[in-house]
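Trainee: Could you walk me through this model, one question at a time?
Mentor: Gladly, let's look at it together.

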Amino acid sequence: MQFMLLFSRQGKLRLQKWYVPLSDKEKKKITRELVQTVLARKPKMCSFLEWRDLKVVYKRYASLYFCCAIEEQDNELITLEIIHRYVELLDKYFGSVCELDIIFNFEKAYFILDEFLLGGEAQETSKKNVLKAIEQADLLQEPRHEYFNVPVY
Amino acid sequence: MSPSIPLQEMIRAIRSARTQCEERGVIQRECAAIRAQFRQVDNGGARSHNLAKLLYVHMLGYPAHFGQMECVRMIASPRYSEKRVGYLGAMMLLDEKQDASLLITNSIKNDLAHSNQYVQSLALCTLACMGSAEMCRDLAPEIDRLLRASNSYIKKKAALCAVHIVRKVHDLGELFAPAARSLLAEKNHGVLHGAVVLITQLCERNPEALERFRKTVPDLVQIMKGLVISGYSPEHDVAGISDPFLQVRILRLLRILGRHNETASDAMNDLLAQVATNTDSTKTVGNAVLYETVLTVLDIKSESGLRVLAVNILGRFLLNNDRNIRYIAMTSLQRIVGTDHNAVQRHRGTIVDCLKDQDASVKRRALELSLALVSASNIRTMMKELLLFLSSCPPGAQSSSCQRHIPCGRKAGGDVRDETVPNLIQLITNTSELHCYTVHKLYRALLTDISQPSLVQVACWCIGEYGDLLLKGECQETEPSQVTEDDALDALETVLQSHMSSPATRGFALTATMKLSTRITENVDRIRSIVSIYGSCMDVELQQRAVEYNALFRKYDHMRAAVLERMPVIEKNSSGHTNGETAGDAVKEIQPAAVKQTGPLLPQQPANQVCDLLDLLGGSEEPLQPSTALGLPNSTSTAGGDLLDLLGGLELTPLAPAPTVPVYEKDGVSLTLICEKTSDSGMTVTLTASNSTDSDISVFTLQAAVPKSVQLHMKAPSGDFLPARGAAKVTQMVALNNPNKVNLKMRIRISYNTSQGSAYQDTVQIDSFPGL
């Protein structure tokens, strides 16, 4: 995988994970164009599209688009499964996840992603193991002032 | 200094900003506070959450480079929460292009050896995400150590980290090869997955490694069998498939190992057959595995039975309700259409059906595949489908489809029926943005091969029509090439002189040459000489054209530009299209081109008559006689005579079409007149009556009187009943002959009965006849 983007229906970026080295400017340009392209697609259309020289796989979950750019040899259908697995992980962690969870706890969303994918590839295929690891890592967090930890919307 | 607010408070504040300006204000305030905090030595637990705030702001698109050094500091902190956010910041703000990234190498090195596996994990993750080549070189030995001696949690991460290192520094692949091999013996799925990915990477980069790793094929087959057959592992199960992620990666590795190698391919044959038949294909996840299996089967040296099985799976995919699966199937079929052509042909029907899909990507795939499947035997049906598809395409898609259609036309050229020529020409005129590209492409096609009549005809037509674009040289979608006027004329002349060209084709070429006379500047004389040569050609059609064109050069040179200007866009209901559907119809392909050539020149009335004529014939099988009515009313077939007569007529009248003149309007009854000269002294006047009242009019008659020397002949009127509200009209044609050329006047008496039964009469005098 080259990168993963999560964005809302209005085109607001909620998460961006880049596995290839690009300058900030390039990243912004790619994001802008790809978001536009994906948002322009109609609901019944294919989840796969060719964009520049990449294969893009995207899926919409409620108000969020999950969009991955994969390489020529990568399997599109399994990428859909990867996206689905990530959503399941978020769902289990946050308890019935919604977009607001990802907005207000974006760093947690990243931590979860980093336990599931490493360098653009899946590192753990068992859902249980990923969640266990996150739990353990969370326990290591030093206690902070109370109001830092309480989720606020 | 304002107290720093918690991260989530800030997020809420930013979200509640109503305007971009307000948002910017909030962010600027926060960034200032964050900067200040960074400068302080130690804030207790607030440091990590300050950086988190900065990362949020960065995600919104605001600059955050001042946080880079803070990331470096945080990574070096002993506190886990600070490390965690620090590493996250490093992955977001520091890429290998930043100098600051080198500063974290030492921290990473230390953390790789940390006693806590979660700290190690952070370091591994960051290195795999943004490690530069230099960092990778420095830390590779550490990674290798971790690959060998650590727990599974770390091993699986180290394996993927190694993948990244190998991508950055190819030589380091050697270093990891032995460790990778031994990892295949692990039971842990995460480690296995990492190992398979690593081995795949090593084999892709290095052919020697590939040779060595071929020995692992039996092991891989064993692992795969374990996944497919035995045991339901709840931990790794996805909709009944045991660890599909691992299965897909193993299949991919097997593909690489089995390619070009008989032994390896044999070893995996059974397994692949098993996976192909046993995998449940009701859900996407099953199809993902099947897809990978099919790709592998088709790429290695598999048995023919297995290949057939694979293609059948793709065929099943084509019928799947899920659009994604259909798309995937077509992508795969595209890859094998060259090698397994017959197998793919069997599914041609389904593929052609996909041309009608709603999704543009699916349509494009179907088009590419359909074009690849065109062959001599199915060309007729295929062309029909493709043309239908092209005509229903939105304009943007049309250009890319046309781009592919043209090479297809070239391929199928010899067998293509003549109806496709006008169809293709019509399509080309409709996609104006493509003219430049089309003419370049066709010109080049013409240079290489002039044996296929349809292609040559279309090419000649385009060169004639868009010659100026061809000569201009620049074209966006194809490489620029300098085509000179001589080159273009050479090409056309070659077609003219070639014994392979049919008379029809030469007709196209001659007309195109003539058209170029207005589009080029220097070689007009050359064109003149070409045209005059053909004035004595044996072929009557060519001779006629040549003589006509000669006349355009000589007597009617002032009209040449108007006659030869750019064609208007051909409408979809033109004769070419409807007649295309009739079988065995000899509608002259030449005629549409020739007729439309003189199209803009004709006054409106004959053109209308022509359309009516075609409508009357509608979809009938009756072939239209070549030399008559099609646009040249009352013409004889004497060579050159017709065009001259028409031009002669036009010398007297303006080029505007004959107007419809209202001559009488009273009580809702109106009468209009169209006048048209038919010979030197003769003309036809058409009177049209209509009734705009709310009640019908019956027994409507017209009587006409003219000066003594003028001969008058009233033809039968179309009827005598004028329904209310102009539902229908009555026309009356009057033929006049004015040999003495007196001043023409006409008196018309109108008489009719209203719906109440009362009779009505009126008279009107017409003194001037426009159009004369």
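What follows is a set of questions and answers on the two chains and how they meet.

Mentor: A word on conventions: residues are numbered from 1 along each chain as its sequence is written, with chains lettered from A and ligands numbered from 1 in the order in which they are written. The model is predicted, so local features need pLDDT of at least 70 and side-chain atom pairs count only at pLDDT 80 or more, while totals for chains, interfaces and linings use all residues, and side-chain values use heavy atoms, with hydrogens and water left out.

Trainee: How many helices and strands are there in chain B?
Mentor: Helices (H or I, at least four residues) and strands (E, at least two) are DSSP runs, numbered from the N terminus. By that reckoning, chain B has 36 helices and 10 strands.

Trainee: What percentage of the residues of chain B count as buried?
Mentor: Buried means under 20% relative accessible area, exposed over 50%, and partly exposed in between, with a 1.4 Å probe and protein chains only. Of the 772 residues of chain B, the buried share is 53%.

Trainee: How many residues of chain B are in contact with chain A?
Mentor: Contact means heavy atoms within 4.5 Å. On the chain A side there are 67 residues, and their partners in chain B number 71.

Trainee: What area do chain A and chain B bury between them?
Mentor: Buried area is the accessible area (1.4 Å probe) that two parts lose on being put together, summed over both. Carbon and sulfur atoms carry 56% of it, and the total is about 6300 Å².
Mentor: In chain A, the residues that lose the most area to chain B, together 11% of what that side buries, are Leu77(A), Leu118(A) and Thr125(A).

Trainee: Which helix gives the largest share of the side of chain A that touches chain B?
Mentor: Let me start with the polar links: the count between chain A and chain B is 8 salt bridges, where a salt bridge is a side-chain nitrogen of Lys or Arg within 4 Å of a carboxyl oxygen of Asp or Glu. As for the helix, the largest share is 9 residues, and these come from residues 127–140 of chain A, helix α5.

Trainee: Which residue of chain B forms a salt bridge with Glu124(A)?
Mentor: The closest N and O atoms of the pair are 2.8 Å apart, and the partner is Lys156(B). The pair crosses between chains, from helix α10 (residues 152–168) of chain B to the loop between β7 (121–122) and α5 of chain A. Glu124(A) is buried at a relative accessible area of 3%, and at 4% so is its partner, Lys156(B).

Trainee: Which residue meets Asp114(A) in a salt bridge?
Mentor: The N to O distance is 3.0 Å, and the partner is Lys17(A). The two are 97 residues apart, with Asp114(A) in helix α4 (residues 106–116) and its partner in strand β2 (residues 13–18) of chain A. Asp114(A) is buried, and so is the partner, Lys17(A).

Trainee: Is Lys356(B) buried or exposed?
Mentor: Lys356(B) forms a salt bridge with Asp353(B), the closest N and O atoms being 3.7 Å apart. Asp353(B) counts as partly exposed because its relative accessibility is 48%. Lys356(B) has a relative accessible area of 58%, so it counts as exposed.

Trainee: Which residues of chain A are in contact with His236(B)?
Mentor: His236(B) lies in the loop between α14 (217–228) and β1 (237–238) of chain B and is buried, with a relative accessible area of 7%. Leaving aside neighbours within four places in sequence, its contacts include His189(B) and Pro244(B) in chain B, and, in chain A, Thr125(A) and Ser126(A).

Trainee: Which residues of chain B are in contact with Arg85(A)?
Mentor: Arg85(A) sits in helix α2 (residues 76–94) of chain A and is buried at 5% relative accessibility. Leaving aside neighbours within four places in sequence, its contacts include Thr125(A) and Ser126(A) in chain A, and, in chain B, Val238(B) and Phe245(B).

Trainee: Which residues have the most contacts inside the largest nonpolar core?
Mentor: A nonpolar core is a set of buried Ala, Val, Leu, Ile, Met, Phe, Trp, Tyr and Cys residues joined through side-chain atoms within 4.5 Å. The largest has 188 residues, and those with the most contacts inside it are Tyr86(A), Ile143(B) and Phe176(B).
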